[in-house]
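Q: Got a model I'd like to go through with you. Can we start with the metal site and work outwards?

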Amino acid sequence: MADRLALPGFVNAHSHAFQRALRGRIEGGDFWAWREAMLDLARGLAPGHVRAEYAAVYGEMRAAGYTAVGEFHYVGFGEAEAALEAAREAGVELVLLFAAYARGGLDRFRQDSVGAYLEQVEALRDADGRVGVAPHSVRACPRDWLEEIGRYAELEGLVLHVHADEQPREIEECLAEHGVRPVELLAETGCLGPRTTVVHATHADERELDLLAEAGARVCLCPTTEANLGDGFPPLEGLLERKIPLCVGSDSNVRIDPLEELRELEGIARRQTLRRNVVPVADLLAAGASSGAKALGIDEWPGIEIDLGHPSLRGVSPAEAPAALVHGCGADVVTSSREG
Ligand SMILES: [Zn+2]
């Protein structure tokens, strides 16, 4: 139809759906204070609640144009099954990035051993879920867990997602424990390869960026969450110079709008470089769709349609629509999803 623009669906490569409930509740306080509130919320989750709440959050994502989601899940095994059901109900392609958690956090996050963790991964795969492995972070997983999970992911051809370099304190603790920085530890333990997505990399140094590039790994940026939590600016120039593939995630779900994530990404790059058009529109849209799909290891996901008659696009020609979308629209221009 002439008044519709068909696009690939957006891919949300990093979500913690339960954290949607925190928006507005815990402004004030630093990252670590936010984390305490997040832990309080996580304590009260149960599968029935997850099923209902996640279905609502995934429904919002679908309406905003995200048709595939990577749920980085660390709140329990029964809740993982409930998340898969919620996604089916909402009609989003879900890849469950099931987190390994050895230490810290809450009891419900943790497995007794890396063997027990991998048994849970196998059970989810047997239950027909699309699953990736996700050592939560170098905070939560010691070296031997990382080695075992890296080996398993390689053997099984699974995607591996991991948080790294989000906060300076995590890097200081990693240096104190291992004598190397988080991405260096991931490289040493076999967790860095072409199927790896490092989430955030906010404080990655030059050496860590080199390692990401050499491994062919990908970085998932979550600009609205990183802004909300005061994480810092991602090292965009260093990432772009090295051609490290980027994708985006709504992470804490303080906002659910893929266009806003992409606009923030480019906005940060412009402020940092004092240039415009740092990431061309086509590359931004690819970061929001096909690159996210690669991060999740999926080949097919539903497409979307944009309403070219929406007031935000009034007077914009179809040829200009992609740039107008990224730079001038919110997700309410997404009119429908179509089967892709
Ligand atoms: Zn996260």
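Q: How are the donor residues of the zinc ion spaced in sequence?
A: The pattern is H-x1-H-x146-H. Donors here are N, O and S atoms within 2.8 Å of the metal (3.2 Å for Na, K and Ca); water is not among the atoms, so sites may look incomplete. Before going on: this is a predicted model, where local features need pLDDT of at least 70 and side-chain atom pairs count only at pLDDT 80 or more, while totals for chains, interfaces and linings use all residues. Residues are numbered from 1 along each chain as its sequence is written, and side-chain values use heavy atoms, with hydrogens and water left out.

Q: Which atoms coordinate the zinc ion?
A: H14, H16 and H163 coordinate the zinc ion, each through NE2, at 2.1 Å.

Q: Is H14 buried or exposed?
A: Buried, with a relative accessible area of 0%. The cut-offs: buried is under 20% relative accessible area, exposed is over 50%, and partly exposed is in between (1.4 Å probe, protein chains only).

Q: And H16, buried or exposed?
A: H16 is buried as well, at 3% relative accessibility.

Q: Switching to charges. How many salt bridges does the structure hold?
A: There are 24. The rule is a side-chain nitrogen of Lys or Arg within 4 Å of a carboxyl oxygen of Asp or Glu.

Q: Which residue forms a salt bridge with E156?
A: R125, with the closest N and O atoms 3.0 Å apart. This pair links distant parts of the chain: E156 is in helix α5 (residues 143-156), R125 is in helix α4 (residues 114-126), and they are 31 residues apart. Helices (H or I, at least four residues) and strands (E, at least two) are DSSP runs, numbered from the N terminus.

Q: How accessible are the two partners, in relative accessible area?
A: E156 is partly exposed at 32%. R125 is partly exposed too, at 27%.

Q: What about R270, which residue does that one form a salt bridge with?
A: E266, with the closest N and O atoms 2.7 Å apart. Both lie in helix α11 (residues 258-273), four residues apart, about one turn of the helix. An α-helix has 3.6 residues a turn, so residues three or four places apart point the same way. E266 counts as buried, at 1% relative accessibility.

Q: And which residue does E260 form a salt bridge with?
A: R255, with the closest N and O atoms 2.6 Å apart. R255 is partly exposed, at 36% relative accessible area.

Q: Which residues are linked in a network of salt bridges?
A: D3, R4 and D307 are linked that way.

Q: New topic. Where is K294?
A: In helix α13 (residues 290-296). K294 is exposed, at 57% relative accessibility.

Q: What is K294 in contact with, leaving aside its neighbours within four places in sequence?
A: V159 and R218. Contact means heavy atoms within 4.5 Å.

Q: Now empty space. How much lies in the largest pocket?
A: About 210 Å³. On a 1 Å grid over the protein atoms alone, a pocket is an open set of points with protein on both sides within 12 Å along at least five of seven lines; a cavity is a set of points where a 1.4 Å probe fits but cannot get out; lining residues have an atom within 4 Å of a point. Grid points are joined across faces, edges and corners, and a volume is the space filled by probe spheres set on the points.

Q: Which helix gives the most to the lining of that largest pocket?
A: Helix α12 (residues 281-288), with four residues. The lining includes L240, P245, D283 and S291.

Q: And the largest cavity, which residues lie nearest its centre?
A: W34, Y74, H136, H163 and E166, out of 16 lining residues. H163 also coordinates the zinc ion. The volume of the largest cavity is about 170 Å³. Helix α1 (residues 31-43) gives the most to the lining, with four residues.

Q: What volume has the second largest cavity?
A: About 70 Å³. Among its lining residues are Q19, R23, W34 and N253.

Q: Last one. Which residues of helix α14 are buried?
A: In α14 (residues 321-328), A321, A324, L325 and V326 are the buried ones. Their cover includes β1 (4-8), α11, α12 and β10 (303-307).
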